[in-house]
Amino acid sequence: MVESRTNSVVAAELLVELDRQLPMPLHRQLVAGIRERIREGHLRVGAALPATRALAADLGLSRGVVVEAYAQLVAEGYLVSRTGGYTQVAHDGGPATTGEAAVPNTGPALAVDFRYGRPDVSQFPRAAWLRSLRRVLNEVPNDRLTYLDGRGAPELHQALADYLNRARGTAVQPPNVVISNGFGQGIRLVTQVLVARGFRRLAVEDPSSDDDVRVVAPAVGLEVVGIPVGPHGISLKALQRSGADAVLVTPSHQFPTGAVLPPESRTALVEWASRGNRLIIEDDYDAEYRYDRDPIGAIQGLAPDHVIYAGTVSKTLAPGLRLGWIVLPARLVADLAAAKLLDDRGSPVIEQLAFADFLAAGEFDRHLRRMRPRYRKRRDALLNALRSQLPDLEPTGISAGLHLVTWLPDYLDEAAVVTAALNRGLGVYGLEPYRLSPGRPGLLFGYGSLNERSIVHGVALLAETVATLR
């Protein structure tokens with residue numbers, strides 16, 4: 001591994017190494033490194049960890065990356081935040097001693113965790129999924145149980161094309177679909193194909209997800225350049241000046257701001273791609289869950305020869321299914337299918353066929369219709385609680401998805417709010433880890449896995465926290 005900067009005693013004592021060439025976000029590497037040090041007994045119970053600002057400086061990271069890593073380890077029970085801002089080891093991660101239960105002392109768990117990206121998996125449609133599994137196991141031809149080509153099961157290609165063309169306004173041809181293990185694998189394979197095709201610079205929204213692309217793309221040789229996001233999505237003027245030959249966008253519900261790319265910007269984006277033989281990578285993030293606006297069709301339907309379209313069931317059904325899809329221009333399908341085969345020999349076929357049946361039987365539509373009002377009630381509970389208890393926080397991106405962002409007033413520091421909230425057993429998350437350049441401070445609230453009572457309680461805890469920081 002490539003050792004991170006370790007010019008201070010603090011970093012040397014932690015002995016945490018970061019490799020910026022690995023396809024893993026830095027905050028996850030930091031979590032894994034500290035977790036392993038605790039498990040091995042090198043960090044003992046009660047040991048105080050460095051302040052987030054000091055450790056960030058030692059490792060050459062933004063403070064938000066360290067704050068998020070500490071928050072994850074607190075949530076897992078490896079660390080505990082103490083009064084006064086100290087973060088300490090909660091348990092040693094080793095086996096229980098004789099006579100003790102084999103359950104570690106995990107310390108106080110978060111009372112409420114607004115971590116984003118978590119759907120309510122308790123509502124997974126088990127009965128309907130089981131019916132699809134049974135039909136598949138009873139009816140699947142034997143040749144579907146052997147090795148398939150890198151694209152995956154033809155039945156799922158057809159079912160996805162039918163659904164996406166109807167529900168998302170795409171122009172998907174079944175032969176142009178490749179099944180992946182979620183978005184993460186799909187985008188990693190896409191970046192490999194782009195580099196092999198001579199692409200050199202990938203534009204991404206700023207802010208955007210810190211996972212996947214921003215780590216994977218440089219590892220395969222793609223330069224990543226951030227393009228500012230405003231109230232109406234990515235800046236087309238900045239994109240045109242960037243020199244990028246591909247761009248990754250979340251036009252239906254930008255992550256994390258929730259901005260929606262308007263029709264005129266979509267047209268301009270397609271013109272940008274078609275003029276220079278460039279590519280648009282469209283992550284159709286949160287398109288299925290919308291509450292206060294009509295559906296907005298995917299850009300892929302406007303220019304299928306210039307758009308790589310990506311989707312998953314991670315937010316709609318369950319991330320544990322590891323089901324995703326990439327829809328490509330015809331000229332790229334063989335390359336991506338070959339990369340998929342080389343990577344893992346193909347995704348599990350039973351799950352692919354079950355999802356194809358699930359789609360064809362209309363069960364996916366029924367599940368979405370059932371979940372939209374449930375998530376909307378949670379969104380409304382969060383907005384009402386913020387309005388009544390924290391009116392200085394300005395919500396944005398509220399019309400769709402499973403999260404929203406609130407901009408912070410000038411008198412609140414983002415990192416200070418996140419750290420102080422952790423001390424009260426509350427998980428809230430800042431925007432700094434998602435930025436490539438400095439920007440307006442804010443908080444990210446995921447509400448998909450929380451009931452209304454927990455949401456209201458979490459906002460009350462945050463209001464108490466903010467009151468101490470004024």
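Colleague: Over which residues at the start of the chain does pLDDT stay under 50, and how should such a stretch be read?

Modeller: Where pLDDT is low, the predicted coordinates should not be read in detail. Here pLDDT, the predictor's confidence in each residue from 0 to 100, stays under 50 over residues 1-12, for which the model has 25 contacts (heavy atoms within 4.5 Å) beyond four places in sequence. This is a predicted model, in which local features need pLDDT of at least 70, side-chain atom pairs count only at pLDDT 80 or more, and totals for chains, interfaces and linings use all residues. Residues are numbered from 1 along each chain as its sequence is written, and side-chain values use heavy atoms, with hydrogens and water left out. The mean pLDDT of the protein is 88.

Colleague: Which residues have the most contacts inside the largest nonpolar core?

Modeller: In soluble globular proteins, nonpolar side chains tend to be buried together. The largest nonpolar core (buried Ala, Val, Leu, Ile, Met, Phe, Trp, Tyr and Cys residues joined through side-chain atoms within 4.5 Å, buried being under 20% relative accessible area with a 1.4 Å probe, protein chains only) has 84 residues, and those with the most contacts inside it are F114, L269, I280, W325, F355 and L462. Helix 13, a DSSP run of H or I with at least four residues, spans residues 363-389 and gives the most to this core, with nine residues.

Colleague: What is the order of the strands in the open sheet?

Modeller: Strands of a sheet pair through backbone hydrogen bonds, either parallel or antiparallel. Counting strands as DSSP runs of E with at least two residues, paired if DSSP finds at least two bridges between them, the eight strands here have the order 4-11-10-9-8-5-6-7, with mixed pairing. Strand 4 (177-180) and strand 7 (233-234) stand at the edges, each with a single partner strand, so one side of each has no neighbour in the sheet. Strand 5 (residues 201-206) runs parallel to strand 8 (residues 246-249), joined by three bridges.

How values were computed
Buried < 20%, exposed > 50% of the residue type's maximum accessible area, 1.4 Å probe, protein only.
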